[in-house]
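Me: I would like to learn how to read a structure that is new to me, going from the whole chain down to a single residue. Could you take me through it step by step?

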Amino acid sequence: LGDHNFDQHVAASDVPVVVAFWAPWCAPCRMMAPAFAETASRMEPAARFVKLNTDEAQQVAARYGIRSIPTLIVFKGGREVARQPGAMATTQLMRWVQEALS
């Protein structure tokens, strides 16, 4: 996702959206990428998992006050319902998303 299509995909989604705010230079972001992909493969289509590069989408990152990366935000109906800064392992990430969606 980027500045140009973030609202279109998050606000208009009829399923919850989990957004990973990240950057290519961020080592914890790269370390968490496999866990994010694994969680997405296990939990879709109940939730959609997307990534937003904060270097390329600075307007969206600023709007949501992203101060550290990785930061994960769960959106339901276009509204933020949960936020978690820092990298997580697959089991931790799955548990966090499930709690946010319940």
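Reply: Helices and strands here are DSSP runs, with at least four residues for a helix and at least two for a strand, numbered from the N terminus. This is a predicted model, and its chain has four helices and four strands.

Me: In what order do the elements of the chain run from the N terminus on?

Reply: Starting at the N terminus, the order is α-β-α-β-α-β-β-α.

Me: What radius of gyration does the chain have, and what would a compact globule have?

Reply: A compact globule with 102 residues would have a radius of gyration near 13 Å, and the chain, at 12 Å, agrees with this. Along the principal axes, the C-alpha atoms fill a box of roughly 30 × 30 × 20 Å.

Me: How much of the chain is made up of buried residues?

Reply: Buried means under 20% relative accessible area, and buried residues make up 45% of the 102 residues. Of the contacts with a separation of 6 or more, 66% are between residues 24 or more positions apart.

Me: Where is Gln84 placed, and is Gln84 buried, exposed or partly exposed?

Reply: Gln84 belongs to strand 4, which covers residues 79-85. Because a residue between the 20% and 50% cut-offs counts as partly exposed, Gln84 falls in that class with its relative accessible area of 25%.

Me: Which residues does Gln84 touch, not counting those up to four places away in sequence?

Reply: Leaving those sequence neighbours aside, Gln84 touches Pro70, Thr71, Leu72 and Trp96. Val74 is 10 residues from Gln84 in sequence, and their C-alpha atoms are 8.9 Å apart in space.

Key
Residues are numbered from 1 along each chain as its sequence is written. This is a predicted model: local features need pLDDT of at least 70, side-chain atom pairs count only at pLDDT 80 or more; totals for chains, interfaces and linings use all residues. Side-chain values use heavy atoms; hydrogens and water are left out. The radius of gyration is taken over C-alpha atoms; the globule rule is 2.2 Å times the number of residues to the power 0.38. Buried means under 20% relative accessible area, exposed over 50%, partly exposed in between (1.4 Å probe, protein chains only). Contact means heavy atoms within 4.5 Å.
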